[in-house]
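Biologist: I would like to learn how to read the empty spaces and the buried residues of a protein model. Could you take me through it slowly?

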Amino acid sequence: MGKKKKVKELEAFMLGFLRKNTEYEVPEELLLKTAQHTGGQVKALKRALDGLIDSGAVIRNNKGELSLAKGGTVEAARAEGQVGKISINRHGTGFVTLEGHDEDIRIPGKKLSVALDRDIVRIRLQGTDRMGRTEGKVLDIVERGKKYYVGTLKRENKNAWLIEPDEKSAHTEFYVQPGNISGGQSGDKVIFKLLDWVHPRSLPEAIVTEVLGAKGTNRAEVLSILAENDMISSFTPEVEEWCEQIPLFPGEEEIARRRDIRDMLVFTIDPEDAKDFDDALSISELENGNYYLGVHIADVSYYVHPKTILDDAAHERATSVYLVDRVIPMLPEKLSNGVCSLRPNEDKMTYSCFMEVSPAGEVLGYSIEETVIHSKYRLTYEQAQEIIEGKAHAELSEPMEMLVKLTDRLTEKRFEENAIDFETPEPRFVLDEKGTPVDVIIKKRFKAHRLIEECMLLANRSVAEHVDALRARTGKKITQDTFPFFYRIHPEPDTERLEQVAEHVRPVGIKFDVRKGQVDAKTINNVLKQVKGKSIEFTVNDLMLRSMAKAEYSPKNIGHFGLGFSHYAHFTSPIRRYPDVLVHRLLKSYSAGLPSYNFKSLLTYGEHCSERERAAVTAERDSIKLKQVEYLSTRIGQEFDGVVSGVTERGVYVLLKDIYCEGMVSMSELSDDYYVFDKRRHCLTGRRKGRTYMLGNELKVRVVNTNLELRQIDFELA
């Protein structure tokens, strides 16, 4: 009898046996012993059983017990499979998130097939491992998750080139044909694309698309961060050419169509180094004592039309990315810094939200209009603060005084209505001509910052409530496609994650009562008040922020928990956020009585814009971390004051006080005792001396090592 036929017979017997015993799981030894009576040899039986398990027809649990999978045949098992996104760690183990499963499905390295990090894959569940975790196997790749990868080019010999990917990019080396290295040299950081991967036992083939420069240089490392997050720094020549056709100023016909407020006192307040001015303000006092507040936003949708090459490029990016030493704009520079930017002493197309607001902070009326403005002043936050303090600018002192009175009340009112008051410091780097950080300064927060924020929040809230009013006026049953809108939403926090925060802060005397379904903004604000001004303030703020759900874009309005708003949208930054462009288009369509995007298409836009925003935040954080590591790389051996920001079984995380850099004192550096990690109290305790390291402890540490590629900082106790 042929080997294949014999294997099929053994498989059929085993499947039949398990089919007859579905009421319990069968020990593997019992099945093999029973199958031996058919004349099968032990090796052949084990091969046949492994084949059934590998195919997914049979499931083996962590006790070595066997059961029949759904379908009960190899063919049925192959036809099945569940689809999810895979994450692959540096050790080459994958984890797939599936609906209906509380925990990710673990994919051992040998069962990854040709999957790469962030791919959408079809997998089959294959029982549990020794630790009881559900395992699976990748069947095929539904969709590649990344357009670009980043790594270091290496020459193996005359005709052999390899790319060693960065840790965050991929888990396996790639090979490159000599003709596909794009002029790169051994040791260069490169951006590359996957060409093909035919078999898991072979290396994937790549083509280099851009050479970033020698590994370790500022340019190469910063551009690597972009590539890791599927971002590119330049626009295609076609997009740039398209922008060149756009006139800097519109014609008189367009101006005549709009509300002309060029004589109104309008001004901008932005960071000193800003060039893309999205928003401007105006304010006056009405005869009835109410304020007439105007929030004037760059009318990007006038210039960027749907289904054009420019719109496609803006949609793909979905957001501008603000790295430490550069901005990767959503729109080409001609628009972002020129045509659309609300520069002083120039006529600009704007979309304005005018609001009549009582001194108590209530919006009593509003209008949303296409306008043309002529900004009189371009203020920095520092200049605005000087005016607030009465040190300069007589013409602006009265409107600024009105804005301060109004926004102070708006802030007070928001917190009365359960907004959350997070305060996290932002490091700012002083760079030399090569981009190397020579100093780190924590950005000062002025009253002018809060003033701008409150005005933007009020406009964003008003336009979202406006759409709800449009629906109510129809007098008909409201469906998903009754004036669909694009909201900025923020779900309520997950109580389990908040319980973890409570566990962290309880040992240091912080009261945080987490009860199922009863955690509100007031409870969270109470914790933040308890740590205000203490050494652990920023650590607890950060812990709380990380425990919260991420804000997203969606046509499903569930409100914004963090702000305490039932209706909220992004209207005020269309130069740097694509969702704001969509909001402008929707509002203009509804104003003209025309149809716009439907609910289903807005769902798709929401998923894409939310994902791109998360990538931008990751890139921005990595950029800051890179500069922190660079800064401390030139300060090996120097001592700094710090605060314990986290404790794990691996060691103690320490946040440096003056420069807000975080690094680790590893367990091996704590050599004065044998330290044991207490999971419940989140601390390390020495067995002999009893010394404890826990959240909030103040320490003096010394920089001992830095790793630019991994963006890691290592400390020792000073």
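Biologist: Which classes of residue make up the lining of the largest cavity?

Modeller: This is a predicted model, and in it the lining of the largest cavity has 6 nonpolar, 1 polar and 1 charged residues. Those lining residues are Ile191, Glu210, Leu212, Leu223, Leu226, Met231, Ile232 and Ser233.

Biologist: How is such a space found, and what volume does the largest cavity have?

Modeller: The general idea is that rolling a probe the size of a water molecule over the atoms shows where empty space is left. Here the structure holds 1 cavity of 30 Å³ or more, and the volume of the largest cavity is about 50 Å³.

Biologist: Which elements each supply at least two residues of that lining?

Modeller: They are strand 13, which covers 205-214, and helix 5, which covers 218-228.

Biologist: Let us turn to a single residue: is Ser610 buried or exposed?

Modeller: A residue is called buried when its relative accessible area is under 20%, and because Ser610 has a relative accessibility of 4%, Ser610 counts as buried. Ser610 lies in helix 18, which spans residues 599-633.

Biologist: Which residues does Ser610 touch, leaving aside those up to four places away in sequence?

Modeller: With those set aside, Ser610 touches Glu552 and Tyr553. The side chain of Ser610 also reaches the backbone oxygen of Gly606, at 2.7 Å.

Biologist: And what separates the C-alpha atoms of Ser610 and Val404?

Modeller: These C-alpha atoms are separated by 33 Å, and the two residues are 206 residues apart along the chain.

Technical notes
Residues numbered from 1 in each chain as written. Predicted model: local features only at pLDDT ≥ 70, side-chain atom pairs only at ≥ 80, totals over all residues. Heavy atoms only, no water. Helix = DSSP H or I, 4+ residues; strand = E, 2+ residues; numbered from the N terminus. Buried < 20%, exposed > 50% of the residue type's maximum accessible area, 1.4 Å probe, protein only. Contact = heavy atoms within 4.5 Å. Polar contact = N/O pair within 3.5 Å; in protein donor to acceptor, adjacent residues only side chain to side chain. 1 Å grid on protein atoms, 1.4 Å probe; cavity = no way out; pocket = protein on both sides within 12 Å on 5 of 7 lines; lining within 4 Å. Points joined across faces, edges and corners; volume = space filled by probe spheres on them. Nonpolar A, V, L, I, M, F, W, Y, C, P; charged D, E, K, R; others polar.
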